[in-house]
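Please look over the structure shown here before reading on. The briefing that follows treats the symmetry, the interface and the core in turn.

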Protein chains: 2
Amino acid sequence: MMPRLKFVVKGRSKLMADQTTGKKENAITPSREANFPEWYQQVIKASDLAEASTVRGCMVIKPWGYTIWENMQRALDDMFKETGHVNAYFPLLIPVSLLEKEAEHVQGFAKECAVVTHHRLEDNGKGKLVPAGPLEEPYVIRPTSELIIGQSYSKWVQSYRDLPILINQWANVFRWEMRTRLFLRTAEFLWQEGHTVHATADEAIAETLTMLDVYETFARDWLAIPVIKGKKTKDEKFPGAVDTYTIEAMMQDRKAVQAGTSHFLGQNFAKASEITFLNEKGESQFAWTTSWGVSTRLIGALIMTHSDDDGLVLPPKVAPKQIVILPIFKTPEEKAKIMAFVTDLARNLKSKTFCGQALRVEIDARDIRGGEKSWQHIKKGVPLRVEVGPKDLAAGTVFVGRRDTHHKQKTSINTHEFIETASQILTEIQGQLLERATSLRDSHTKKIENLTDFRAFFTSSGDDDKTIHGGFAAVHWHEDAIGHPILSELKVSPRCIPLNWPQENGVCIFTGKPSDQRVIFAKSY
Amino acid sequence: MMPRLKFVVKGRSKLMADQTTGKKENAITPSREANFPEWYQQVIKASDLAEASTVRGCMVIKPWGYTIWENMQRALDDMFKETGHVNAYFPLLIPVSLLEKEAEHVQGFAKECAVVTHHRLEDNGKGKLVPAGPLEEPYVIRPTSELIIGQSYSKWVQSYRDLPILINQWANVFRWEMRTRLFLRTAEFLWQEGHTVHATADEAIAETLTMLDVYETFARDWLAIPVIKGKKTKDEKFPGAVDTYTIEAMMQDRKAVQAGTSHFLGQNFAKASEITFLNEKGESQFAWTTSWGVSTRLIGALIMTHSDDDGLVLPPKVAPKQIVILPIFKTPEEKAKIMAFVTDLARNLKSKTFCGQALRVEIDARDIRGGEKSWQHIKKGVPLRVEVGPKDLAAGTVFVGRRDTHHKQKTSINTHEFIETASQILTEIQGQLLERATSLRDSHTKKIENLTDFRAFFTSSGDDDKTIHGGFAAVHWHEDAIGHPILSELKVSPRCIPLNWPQENGVCIFTGKPSDQRVIFAKSY
């Protein structure tokens, strides 16, 4: 039998509230419990984040979704600059001959490339435009930019004095995958890709780990997503990398999202791109490079980490609007008074800061039914809803609903007090979301010592794609276990070898060989 | 004989200074006077802004160039948001059948499209990767996004209540032109494209003009580029537009750069994309749309407006660094003292603001020859150079050079006073650059009344591409003059019909027909 799901581990549980009143009145159908993947699509639709395009596998990121991305970008970009990086921009197209220079790399991407073969369109004589002007050499739209950037670096780097190079690029990339899902896996996606060059392996490894830390900090402090930092096993690393590091997050259905990666590329790409430099002794050497990236996929992780059966739930730090004010009135006289009041309220709130920036406040005075209006903002995940009607005005209070609690749970707060504490309430919400997500992750991360328990962990709750999926299984593992049939059978993969976990001797549950470390396995997006 | 050029109209002239001393010692060869196009390339190289890529027609925007773009983006984006716009993101690829929906539009872009025809690469059996997986329908990489965005808008707009839609996109676009020039004309470039939808023609026209004003303000107040706002003549408008408005700037070689455009699209694209809405009476109507954009081409205009024979000159508001501090020392003891002092100085300067942001200050303590170091920053256009050596330290002063004056003209300023007035000096520089550019433009904008003078205006200074090019000729014009042979002969085109110029009756200098307005003609990039 399928166990009852508790998505909300701490704080007021939406499902429990429903059970108390015996009523079922959620904005999103189906619920997370009934069909998580479909719930995910419906949350995106209800919150107006994005939609599929007619262009195969591509999405349209709508303003509400794009503003979340902008907020993420701003915070990440500041962190990149604080760690000494600058931005630049490199070409969208990569000559096929260039892509071929790193054998493992091209193999990893050749199957899903958008290939540009012509440079104009021409009427075919029947009124139809067809490709014309064939190119001498085809190009692919960048799936990632190691090689096109490497080509520049090989020119820029001459001496050890030119190092390190610490550059990041904000860009769109294209990987024409067959099975796509909004934000999580789309043909075109937006990302940043850092590409750095160093004189020594140690420096490059330090950079790789520094950026992994930046990603962990960003996920935790901005997205309220706790992650596990780790190293990818050999079979899961980036094509062409020596080592790939990752941050892995657990979604509410217990599947993992690889939320960001940082690669130590050794000298592989320096050799492919001929990035050499003269060291202090005047000897020519290959440089050491890294690359690291996060993408709009983070928005998918954000949705699946925090949202509930009423729609999107947003950490205040990245919410496009943190507070929506909903004026309530019937007569023109009431309207005049209330509008004057909320205009003032909004101005006062905007003069306060949260996280170093002015509060993002909106007045929604549209002439539509109050209930419908309120639900729109609930579904879009606005952290605080503030209702102001004639009674509130008379009492000197505002009626405040928090998105992280049940939609009916609203509190009257003295207006002045609310203005003074709004930022603090947002901080509380931000903290509460992180706490919930951390509890969920921790309560579903289990040390498992044998294959029977491993199988049970991933199948006891049903094994179709619509239900929950065990969690993070931390098991002893030996490299020879790569390709073990139970993994494809259960659709489970090694997520990472956690950093900072104590060394621990044991026996690989797949091969019986000795192991001195645990590896986290999970189903994943 | 070619007249002597005066590039600098007001303020200290570099060339004059050289004549005084009889020395010629500029960082850039050739000079603007000798060969303007080559000077332009050399300034870009010397200031490390960008370089050509091996990808046909594409450029690499290097960190110094990209940071200028980031500063522009930030300022423009704030202005877009203040005028009620939000950002979103639409697909990179456009199905050819979609592009064909607006006949004039597709004609305008078909000749220079990057066409995607395959979705993977495959080994051809001889170890070479070739395009595989032919697509049912080819795509082009967006040259502009009216039609792909229109496809979304047709779904989003149902009722007058859904209007207006005020969306902007920051994106890369691709137009595979044959003759490219860094920043001014590249196959791939970065831009923003606003796309709005309105219920009435009046509203759409008002939006078109609002954004033209935004562009004018941005060019003037941020880039220190004075522009002439105007309407394009019929032959020069955007393919598919009803009216195209433009801001035109005059470069130091007197050629024009079209620095930004704003299009009133009428119902042309609404019809192509089937954007209809029910009005308040419940009648179905086609909507009215606009689009408007500026691109990395603005960086080209920035270079050619302000830079001199020593390299880039940057308006402080968009300079990546506004102040560079150059510590000068010989002994380790001096170094310790000087470094402590400049660290303190930089911190103090960074606590001051310019244009609402903390001053951007760099200490350049690299161990290279002082002269060379100083020249690097001159060539990169850093507005203020601050030298600090043991003597300055003893005197309590710093030695300050302004980029908008001769490189040898430096002033000792009391350190405390400098910290307090640095922001004000930057404001002066910003103003000075605008004043110079305005003087140049005004002194080379001439009313011309007949073809003989028109020809003389554009040929008296030589007619090869390397020299100066007349300026802005304001002449009476009638639509029938489109295609007049003298225009292609002189390589001159109508730039715009200036807005806000008084009505004035006259006779078209090309056709003799009556005219009630002057049109500005110029050579252009």
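**Two chains and their symmetry**

Chain A is superposed on chain B by a rotation of 180° with 0.0 Å of shift along its axis (RMSD 0.0 Å), the fit being by least squares on the C-alpha atoms of residues with pLDDT of at least 70 in both copies. The two copies are thus related as by a two-fold rotation axis. This is a predicted model, in which local features need pLDDT of at least 70, side-chain atom pairs count only at pLDDT 80 or more, and totals for chains, interfaces and linings use all residues. Residues are numbered from 1 along each chain as its sequence is written, while chains are lettered from A and ligands numbered from 1 in the order in which they are written.

**Interface**

- In chain A, 48 residues are in contact with 48 residues of chain B, a contact meaning C-beta atoms, placed from the backbone, within 7 Å.
- Strand S5 (residues 115-123) of chain A gives the most to this side, with seven residues; strands are DSSP runs of E, at least two residues long, numbered from the N terminus.
- Three bridges join S5(A) to S5(B), and the two strands run antiparallel; the partner of A:Val115 in S5(B) is B:His118.
- Of the residues of chain A, A:Val116 comes closest to the rotation axis, at 2.1 Å (C-alpha).

**Core contacts**

- A:Ala249 touches A:Ala219, A:Ile225, A:Val227, A:Ala256, A:Val257, A:Ala259, A:Ala301 and A:Thr305, not counting residues up to four places away in sequence.

Note on methods: Contact = placed C-beta atoms within 7 Å. Helix = DSSP H or I, 4+ residues; strand = E, 2+ residues; numbered from the N terminus. Pairing = 2+ DSSP bridges.
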